[in-house]
Amino acid sequence: MTRTLRRTRGVRLALTGALLAGLTLLTTASPAVADDPSASASPAGDEAGPTEAGTTFRTATALKQGQSGIAQASAGDYLYWVFPADAGQRPTVRATVKLPESAARRGTSAWQVDVYDGLRRRQACMYGHQTRKAAADAATVELSCVLRPVRSWSEPWANDPLPGSYYIRLTVVDLPAADLGLPVGVQVRTSIKEVGGSQDGDGTLSEPLVPGVSVASTNETGETGEADDGGASAAPRTVAAGKPEDGWASGWWTDRWLWTVGGGLLAALAAAFGYSLTRGRGRPSHVPPSV
């Protein structure tokens with residue numbers, strides 16, 4: 001009897017420890033789901049960023065994830081940059097505009113930063129200062145836009161962020177006519193926060209939304225490619241922005257697998273623990289076995 005009680009108590013302790021370990025796994029599987037904008041993001045790139053900006057979508061200057069770019073422009077210009085973002089990431093764009101000397105300006109101005117995806121759909125900001133006014137004596141104006149997390153797949157009618165290129169457009173939206181053309185200095189910075197599989201969908205895109213990626217990949221595989229007048233095959237079309245440092249997500253791995261496996265493990269442990277509680281202590285020692 002005593003031996004049976006000890007064995008049952010040991011089983012219960014082992015199952016309780018395994019249950020606690022499974023709960024710890026689930027609570028630490030995806031710590032990046034927190035929505036704190038001050039949380040750690042990818043560090044800025046070590047190499048120097050570009051020193052110019054494009055003036056249209058087609059001429060947008062490419063940025064790497066976490067990289068900064070600077071440009072000298074005139075008030076009233078449209079400035080464009082482009083950077084890649086993958087599924088499970090939440091991009092943040094920050095811009096700093098260095099204004100001309102206050103003695104040269106005639107009044108207040110309003111600046112705005114917009115972000116567009118690879119289909120040139122304007123993406124809404126979760127929070128940030130997307131539009132800001134600068135007083136006549138202000139030296140700089142700070143803008144920011146925190147996008148929604150990028151999803152791996154979305155309905156065709158939805159406007160959800162999808163993997164691919166993201167265009168930054170910076171311009172002044174309200175300015176006295178006398179201040180048009182004054183020189184300004186601009187710095188843009190991109191950062192990426194990993195949010196894990198909490199935003200994953202039930203599908204993947206065949207190609208990221210990068211303009212020209214389908215043509216470039218087709219030419220690289222040699223499936224198509226017409227010869228030019230000199231007989232050489234046409235060069236692959238360059239895409240608007242590069243890929244993330246780790247490449248585009250394959251689409252099958254996500255930390256939701258950890259939640260699935262952890263949930264199954266907890267269910268099995270709970271079933272074993274419930275069985276150990278309800279099966280009883282076995283045949284009492286004073287009861288003879290049945291013949």
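Which residues form one aromatic cluster? In this predicted model, the cluster consists of F57, Y80, Y116 and Y167.

**Figure 1. Close-up of the aromatic cluster formed by F57, Y80, Y116 and Y167.** Four aromatic pairs are found when the whole structure is searched. In the pair of F57 and Y116, the ring centres are 5.3 Å apart and the planes stand at 90 degrees, so the arrangement is edge-to-face. The two residues come from separate parts of the chain: F57 belongs to the loop between α1 (2–28) and β1 (61–62), whereas Y116 belongs to strand β5 (residues 109–116), so their contact ties together parts that are 59 residues apart in sequence. F57 and Y116 are both buried.

**Figure 2. Close-up of the open five-stranded sheet, with strand order β2-β11-β4-β9-β7.** The pairing in this sheet is antiparallel. Strands β2 and β7 (125–127) form the edges, each pairing on one side only. From one strand to the next, the twist averages 30 degrees.

**Figure 3. Close-up of edge strand β2 and its antiparallel partner, strand β11.** Strand β11 (residues 183–194) is joined to β2 by seven bridges. Within this pairing, A73 is placed opposite V184 of β11. In a regular strand, side chains alternate between the two faces of the sheet. Strand β2 (residues 68–74) shows such an alternation: the side chains of G69, A71 and A73 point to one face and are buried, while those of S68, I70, Q72 and S74 point to the other face and are not buried. A73, which stands opposite V184, thus belongs to the buried set of β2.

**Figure 4. Close-up of the other edge of the sheet, at strand β7 (125–127).** Two bridges link β7 to strand β9 (residues 140–147), and the two strands run antiparallel. C125 has L147 of β9 as its bridge partner.

**Figure 5. Close-up of the largest cavity, with a volume of about 50 Å³.** The count of cavities of 30 Å³ or more comes to one. The lining of the largest cavity is made up of A75, L99, P100, R105, G107, S109, W111, L175, D179, L182 and V184. By class, seven of the lining residues are nonpolar, two are polar and two are charged. V184, one of the lining residues, is also the residue of β11 that stands opposite A73.

Definitions and conventions: Residues numbered from 1 in each chain as written. Predicted model: local features only at pLDDT ≥ 70, side-chain atom pairs only at ≥ 80, totals over all residues. Heavy atoms only, no water. Buried < 20%, exposed > 50% of the residue type's maximum accessible area, 1.4 Å probe, protein only. Helix = DSSP H or I, 4+ residues; strand = E, 2+ residues; numbered from the N terminus. Pairing = 2+ DSSP bridges. Phe/Tyr/Trp six-rings, centres within 6.5 Å; stacked < 30°, edge-to-face > 60°. Axes fitted to C-alpha atoms, helices over the stretch in contact; angles between N-to-C directions. 1 Å grid on protein atoms, 1.4 Å probe; cavity = no way out; pocket = protein on both sides within 12 Å on 5 of 7 lines; lining within 4 Å. Points joined across faces, edges and corners; volume = space filled by probe spheres on them. Nonpolar A, V, L, I, M, F, W, Y, C, P; charged D, E, K, R; others polar.
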